[in-house]
Structure formats: C-alpha cells, structure tokens
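User: Please take a close look at one part of this model, a paired position inside a sheet. Then work outwards from there to the rest of the assembly.

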Amino acid sequence: MDMKKGMKGQFFIVGAILVCSMLFVAYPRFAPLIREPGGDIPYISANIQRELPRVMNLGVNESAMIASMSNFTAFLERSLSEKRINYTSLVVMFRNVTTGSDGLNITVINELGSNVTLTITISGEDYGTIVASYPDLEDGSVNTSSYIPVSNINNVTVAFGSQERTMEWPRDKASIYAFFRLTRDEDIIKNDVAG
Amino acid sequence: MRGFWLTMESVIACIIIASFLIFLARYSAMGTHEYDASSVAYDVLKSLDDRGVLREYALKGDYSGLNSQIDISGYSHVVNICGTGGDCDGPSPDSTNIWAGSYFISGRGIYNPMEVRLYLWKR
C-alpha cells in the first residue's frame with residue numbers, strides 16, 4: 001500500500017482540527033455586546049421613582065420641602081454607596097409662593113456630580129411664557145427662584161444636557177421633576193419622574 | 001471518487017469537532033448561573049408596601065412583626081430596618097449564601113426615611 005497516499009485522510013482531519021480551533025478562539029468575539037443592567041439596580045430605580053414625589057409631599061406638609069428632599073438625596077447617596085451604587089440626581093420642584101397666589105417658586109437641587117446648564121420654560125394661557133435659565137448650576141447647590149405671574153394651568157419644559165421633559169403643572173399643586181442615575185461598574189440606569 | 005470521499009471525511013470531521021467545541025464554549029460561557037433571589041426580595045417588599053403593611057411596621061421599628069408578614073416558599077428570611085445614620089435593627093441572617101433586597105421609604109404622614117432590608121436564604 002502506498003503510505004503517502006494512505007496518510008491523506010489524516011492530514012485532512014488535522015487540517016479540520018486546526019480550522020475548528022481557530023473558530024473556537026474567535027467565537028467569543030461574536031458574543032452579544034448588548035447587556036441589560038443586572039441584579040438589584042432596576043428594582044432600586046423603580047423604588048426611587050415611586051418615592052421621590054412622596055418625599056416632596058411629606059416635606060410640603062411639614063413646611064420643609066427643600067430640607068426633606070436634600071436629606072433624602074443624601075440618605076440615598078450614602079445607603080447606595082454601601083451597595084457600590086453611585087446615585088446622582090437633579091431635582092426641580094415647583095410650588096406657589098403662597099397658596100392661591102399667582103407667584104411661583106422653583107427650587108433646583110443639583111447632585112449630578114458636575115455643573116449643569118438648565119433651562120425651564122413655563123407657559124400658560126393667562127400670562128406669557130417664563131424662561132428660567134441656570135447657565136452653570138454648581139454641583140451640590142440648592143437654588144430657589146421666584147417668578148410672577150404664572151397661569152392657573154401651565155406646560156413646563158425642563159431641559160438640560162440631552163434630557164428634556166414636558167409636564168403639566170397646575171399652579172396650586174406642588175410638583176416635581178427629578179432625573180437620577182444609578183451606576184455600578186458597567187451597569188447604568190437613568191430614570192426620571194414627573195408629577 | 002477517492003478525493004470526493006476524502007473531502008467528505010474532512011467535512012464530517014469538521015462538523016463533529018466544531019459542534020463539540022461550540023458546545024464546550026457555550027457551556028463555559030454560561031457557567032453555573034445561580035438563581036438571583038434579590039428580585040424576589042424586592043417584589044415581596046413592594047407588595048407589602050402596596051398593601052399598606054410595610055410602612056406601618058417599619059415606622060414602628062417592628063422588624064419581627066414585618067418578618068411575620070412574609071412567607072416565601074423554600075426560603076428562610078429576616079428583616080432589618082435601617083435609619084439614615086446607617087444603623088440597622090434586626091437579626092443577622094443565619095446562612096452563608098444570602099440574597100438581600102432593599103426598599104427605601106420616605107415615611108408616612110411625616111418625613112421619616114428608612115431602608116427596609118429583606119435577607120433570604122434557602123432552607
């Protein structure tokens with residue numbers, strides 16, 4: 001028997017093993033790159049989204065709206081840091097200067113970890129449009145501004161960075177817009193709440 | 001014809017070896033994913049809040065009463081209630097393989113923030 005001819009099949013198999021090994025090495029590169037945040041972050045995000053309006057309302061009841069929200073923000077930052085989650089937020093609260101008046105107080109709490117340029121546009125049927133600009137709102141700052149007059153029912157647009165949200169604000173109701181981020185390693189969730 | 005059969009032999013060898021290696025790669029990539037019960041913990045705490053039970057017990061600091069409201073098949077559990085200072089009241093979990101779920105509340109009627117933690121472990 002011709003040994004050289006007889007060995008051809010084995011060379012084919014060796015070649016097949018080499019080709020398959022190269023495929024095996026390359027296989028992980030085809031793994032999906034899209035991933036969803038895992039573990040507890042989505043649930044904590046939903047929890048915070050439900051709770052922030054409550055914080056504002058409880059603070060309004062106790063005439064300590066700003067202090068309550070600042071305190072709750074600090075509480076979340078500390079508690080979540082123990083779980084290796086970085087919590088950052090921007091909270092805007094709207095409220096009558098006094099009940100029944102046509103004056104408005106806007107309070108902005110920036111805990112995003114960086115300065116931010118914020119624009120709030122308020123437009124209603126009775127009066128013209130008010131534009132509240134915060135060109136370089138410092139991180140860690142609390143800013144309260146007053147505007148007069150404002151309509152009974154208003155459309156409010158809050159815009160900063162790539163975020164923009166429009167909500168309806170009845171003048172005699174304390175309202176909130178809050179944007180927050182939860183970050184742990186590669187997992188990031190951004191969420192907002194308006195109401 | 002001989003060349004044809006040799007080619008077939010190599011193609012079949014490729015298929016067999018590739019199938020084996022891909023199976024091996026998938027198995028090692030999957031690893032041994034252990035079930036994450038932290039979502040169970042959160043769902044339990046949320047359902048207690050929806051029923052109006054969670055805040056009532058939490059604001060009284062009654063972690064054992066809150067724990068008695070929880071029944072999860074196949075798991076043992078304890079509840080801790082933590083204040084803003086990081087101090088927590090409640091027993092430590094009695095296991096080495098524990099899942100934990102946290103639920104943040106701001107208060108009820110008055111502002112009184114706290115974190116309710118539910119620790120779960122398999123019986």
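Analyst:
**The sheet of chain B and its surroundings**

B:Val79 stands opposite B:Leu118 in β4(B). This is a predicted model. The pair belongs to a longer run of pairing: strand β1 (residues 75–82) of chain B and strand β4 (residues 110–122) of chain B are antiparallel and joined by eight bridges.

The sheet itself is open. Its four strands follow the order β2-β1-β4-β3 (chain B), and the pairing is antiparallel. The edges belong to β2 (88–89) and β3 (99–108) of chain B; each has a single partner strand, so one side of each is left without a neighbour in the sheet.

Helices from both chains meet these strands. From chain A comes helix α4 (residues 65–81), which packs on the sheet and touches β3 and β4 of chain B. The direction of α4 of chain A makes about 20° with that of β4(B). From chain B comes helix α2 (residues 38–50), which lies across β3 and β4 of chain B. The angle between α2 of chain B and β3(B) is about 25°.

Now the core. In soluble globular proteins, nonpolar side chains tend to be buried together. Here the largest nonpolar core holds 65 residues. B:Leu45, B:Leu54 and B:Val116 touch the most other members. B:Val116 has contacts well beyond its sequence neighbours. Leaving aside residues within four places in sequence, B:Val116 is in contact with B:Leu45 and B:Leu54. The same list for B:Val116 includes B:Ala58, B:Val79, B:Ile81, B:Tyr103 and B:Ile105. B:Val79, the starting point, is thus among the contacts of B:Val116.

Step back to the whole of chain B. It has four helices and four strands. From the N terminus on, their order is α-α-α-α-β-β-β-β. The radius of gyration of chain B is 26 Å, well over the 14 Å that the globule rule gives for 123 residues, so chain B is more spread out than a compact globule. The C-alpha trace of chain B spans about 90 × 30 × 25 Å along its principal axes. The domain assignment gives domain 1 (1–33) and domain 2 (38–122) of chain B. The C-alpha centres of these two domains of chain B lie 51 Å apart. Of the 123 residues in chain B, 28% are buried. Among contacts in chain B with a separation of 6 or more, 60% join residues 24 or more positions apart.

The partner chain comes next. In the contact between chains, 30 residues of chain A meet 27 residues of chain B. On the chain A side, α2 (8–26), α3 (41–61) and α4 each supply at least two residues. The most comes from α2(A), with eleven residues.

Chain A has four helices and nine strands. Along the sequence, the helices of chain A come before the strands, in the pattern α-α-α-α-β-β-β-β-β-β-β-β-β. Of its 195 residues, 28% are buried. Among contacts in chain A with a separation of 6 or more, 59% link residues 24 or more positions apart.

Chain A has an open sheet of four strands too, in the order β4-β3-β6-β7 (chain A), with antiparallel pairing. At its edges stand β4 (130–137) and β7 (163–170) of chain A, each paired on one side only. The twist averages 15° from one strand to the next. Within this sheet, eight bridges join strand β6 (residues 153–160) of chain A to β7(A), and the two run antiparallel. One position to inspect is A:Val156, which stands opposite A:Met167 in β7(A).

Further along, strand β8 (residues 175–184) and strand β9 (residues 187–194) of chain A run antiparallel, joined by eight bridges. They form a hairpin with two residues between them. A:Asp185 in the turn has a positive phi of about 55°. A:Arg184 has A:Asp187 as its bridge partner in β9(A).

Last, a buried residue of chain A. A:Ile106 lies in strand β2 (residues 104–111) of chain A. A:Ile106 counts as buried because 21 other C-beta atoms lie within 10 Å. Not counting residues up to four places away in sequence, A:Ile106 touches A:Val92, A:Phe94, A:Ile120, A:Ala132, A:Ser145 and A:Tyr147. A:Met56 is 50 residues from A:Ile106 in sequence; in space, the two are 13 Å apart, C-alpha to C-alpha.

Methods. Residues numbered from 1 in each chain as written. Chains lettered and ligands numbered in written order. Predicted model: local features only at pLDDT ≥ 70, side-chain atom pairs only at ≥ 80, totals over all residues. Core = buried A, V, L, I, M, F, W, Y, C linked by C-beta atoms within 7 Å. Buried ≥ 20, exposed ≤ 12 C-beta atoms within 10 Å, placed from the backbone. Contact = placed C-beta atoms within 7 Å. Rg over C-alpha atoms; globule rule 2.2 N^0.38 Å. Domains from an automatic or database assignment. Pairing = 2+ DSSP bridges. Axes fitted to C-alpha atoms, helices over the stretch in contact; angles between N-to-C directions.
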